[in-house]
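Here is a friendly walk through one chain, from its overall build down to a few side chains. Please keep the viewer open as you read.

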Amino acid sequence: MNKNISITALLKPKGKSIKIILFFLAVSAILLILAANSATAANIAFPSLRIGVEPGENPEQVSVLIQILFLLTVLSLAPAILIMMTPFTRLAIVFSFLRQALGTQQTPSNQIIAGLSLFITFFIMMPQWQEINNNALQPYLEKKISQETALKEAMIPIRKFMFRQTREKDLAIFVKMSKSEKPNSPEDISMTTLIPAFVISELKTAFIIGFVLFVPFLIIDMVVASVLLSMGMMMLPPILISLPFKLMLFVLVDGWNLIVGSMVKSFV
């Protein structure tokens, strides 16, 4: 009886063996189908890709290609242009300092700070962009001026805005490091000199505003820490008690209206 059972168990296929047999059957069927349709497969046209440099038939083709390449380059540098040549730097840094002074950790979040700074930047730069649209973009689209003239006209309001916010000391150091001739007028200063000087001035202004914002909240933290220390509450974090007082102070003085309004007026 035991001998019959063992022979039957050996003859019965296991699950793994069945899977292997089915796999080989499927592969055999696929090979047969491919062999039968080999004549049809030979007539199928597969796409090919070719990259090369060929001579242009006329100068207009080369000009269009250069314009497309220039446009793609500008689009890739658009975030840096927006950050470095607009009030975005000052706004984002001041809002980050304000969040740290309040001690609210990640509230408001980085996305909210970036979005608020971006829309306030659009609001501040709206007069310059309207001037660019009227004097450069629309005449260029109507083919009244050339591309070079449009670029020069577009940079005029941007340069005026940057010169108003740039300190002479910061501008002088970059003019000196560029080893160029002493400029007789603002028009003689290149953008490669003006942009870093503008960024340095914005960083300094943002840090000054951040210091002023920290002072009242720092006083609240010191008062709360002194009170807790005098009461013997050594294990209670002072920031846990001072946070509601700082939020109450910020709301009572209408902090967002005061800070945003002051910063927007500083650019006008």
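## Overall build

Two residues are in contact here when heavy atoms of theirs lie within 4.5 Å. With that in mind, take the contacts in the chain with a separation of 6 or more: 73% of them involve residues 24 or more positions apart. Please remember that the model is a predicted one.

What does the chain contain in the way of helices and strands? There are twelve helices and zero strands, and reading along the sequence gives the pattern α-α-α-α-α-α-α-α-α-α-α-α.

## Surface and interior

The chain has 268 residues, and buried ones make up 24% of them. On the outside, the chain exposes about 19,800 Å². Carbon and sulfur atoms supply 71% of that exposed area.

## Ser-201 and Gln-165

Now let us zoom in on two residues that touch. Ser-201 lies in helix 10, which covers residues 191–230, while Gln-165 has its place in helix 8, residues 147–165.

Is Ser-201 buried or exposed? Its relative accessibility is 0%, so Ser-201 counts as buried. Gln-165 is buried because its relative accessible area of 12% falls under the 20% cut-off.

Neighbours within four places in sequence are left aside in what follows. On that basis, Ser-201 is in contact with Gln-165, Thr-166, Arg-167 and Asp-170. Gln-165, counted likewise, is in contact with Ser-201 and also with Arg-90, Phe-198, Glu-202, Ser-266 and Phe-267.

## Aromatic rings

How many aromatic pairs does a search of the whole structure find? The search finds nine. One pair to look at is Phe-217 with Phe-250: the ring centres are 6.4 Å apart and the planes meet at 45°, so this pair is tilted. The tilted class takes the angles left between stacked, under 30 degrees, and edge-to-face, over 60.

This pair links distant parts of the chain, with Phe-217 in helix 10 and Phe-250 in helix 11 (residues 238–252), 33 residues apart. Both Phe-217 and Phe-250 are buried. The two phenylalanines also belong to one aromatic cluster, which is formed by Phe-95, Phe-217, Phe-250 and Trp-256.

## Picking up the thread

Helix 10 is a handy place to start in the viewer. Ser-201 lies in this helix, and so does Phe-217. From Ser-201, you can follow a contact to Gln-165, which sits in helix 8. From Phe-217, the ring pair takes you to Phe-250 in helix 11.

How values were computed. Residues numbered from 1 in each chain as written. Predicted model: local features only at pLDDT ≥ 70, side-chain atom pairs only at ≥ 80, totals over all residues. Heavy atoms only, no water. Helix = DSSP H or I, 4+ residues; strand = E, 2+ residues; numbered from the N terminus. Buried < 20%, exposed > 50% of the residue type's maximum accessible area, 1.4 Å probe, protein only. Areas by Shrake-Rupley, 256 points an atom, 1.4 Å probe, with all protein chains shown as cover. Phe/Tyr/Trp six-rings, centres within 6.5 Å; stacked < 30°, edge-to-face > 60°.
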